[in-house]
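This report is written for a reader who is beginning to study protein structure. Please keep the sequence and the model in view while reading.

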Amino acid sequence: SSILISIYLLVLFEVLSIPLMAAGVAQEILPVIPWWLLVSFGSYSLWSLGWGVFTFRDCPEAYHELLQDLCANGRLSDMHEINEAKNDLRSRAVTVD
């Protein structure tokens, strides 16, 4: 990446020239490239985050397995805390189930 940055800076400050491209065109395009890369990366990040949220699925099997583990290990107080948290969320008009 440092090689690409070095080449970019050399072309930007006109130490190197780009063949088959006019100097005026290069001076209009080159300063915009970092912003274009930043916007592209941001767009990709938002897309991948949105896709992850869109394809997220509930796991009822894991929920029931967790409940069985809590009951089997005698940690019913944890189940009581879960129910308290659910009731608190319901009192705040949040759908839990």
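The sections below treat confidence, helices, the loop after the first helix, and selected residues.

## Basis and confidence

This is a predicted model, in which local features need pLDDT of at least 70 and side-chain atom pairs count only at pLDDT 80 or more, while totals for chains, interfaces and linings use all residues. Residues are numbered from 1 along each chain as its sequence is written, and side-chain values use heavy atoms, with hydrogens and water left out.

The pLDDT is the predictor's confidence in each residue, from 0 to 100. For the protein chain its mean is 86, and 97% of the residues reach 70 or more. Confidence is highest in α3, at a mean of 95, and lowest in helix α4 (residues 60-72), at 77. Where pLDDT is low, the predicted coordinates should not be read in detail.

## Helices α3 and α4

Helices (H or I, at least four residues) are DSSP runs, numbered from the N terminus. The expected span of a helix is 1.5 Å times one less than its number of residues. For the 22 residues of α3 (residues 33-54) this gives 32 Å, which agrees with the 31 Å between its end C-alpha atoms. For the 13 residues of α4, the expected span is 18 Å, and the end C-alpha atoms are 18 Å apart. Just after α4, G74 has a positive phi of about 70°.

Buried means under 20% relative accessible area, exposed over 50%, and partly exposed in between (1.4 Å probe, protein chains only). In α3, the count of buried residues is zero. G52 belongs to this helix and is partly exposed, at 36%. The C-alpha atoms of G52 and A72 are separated by 33 Å, although the two residues are 20 apart along the chain.

## The loop between α1 and α2

Which residues of this loop have a positive phi? Among them are E14, with phi near 60°, and L20, with phi near 65°. Most residues other than glycine have a negative phi. E14 lies in the loop between α1 and α2, as does L20. E14 is exposed at 54% relative accessible area, and L20 is exposed at 93%.

V15 is also in this loop, between α1 (2-12) and α2 (23-29). Its relative accessibility of 59% makes V15 exposed.

## The segment after α5

V94 is found in the segment after α5 (76-91). V94 is partly exposed, with a relative accessible area of 38%. From E81, V94 is 13 residues away in sequence and 17 Å away in space, C-alpha to C-alpha.

Conventions:
Helix = DSSP H or I, 4+ residues; strand = E, 2+ residues; numbered from the N terminus.
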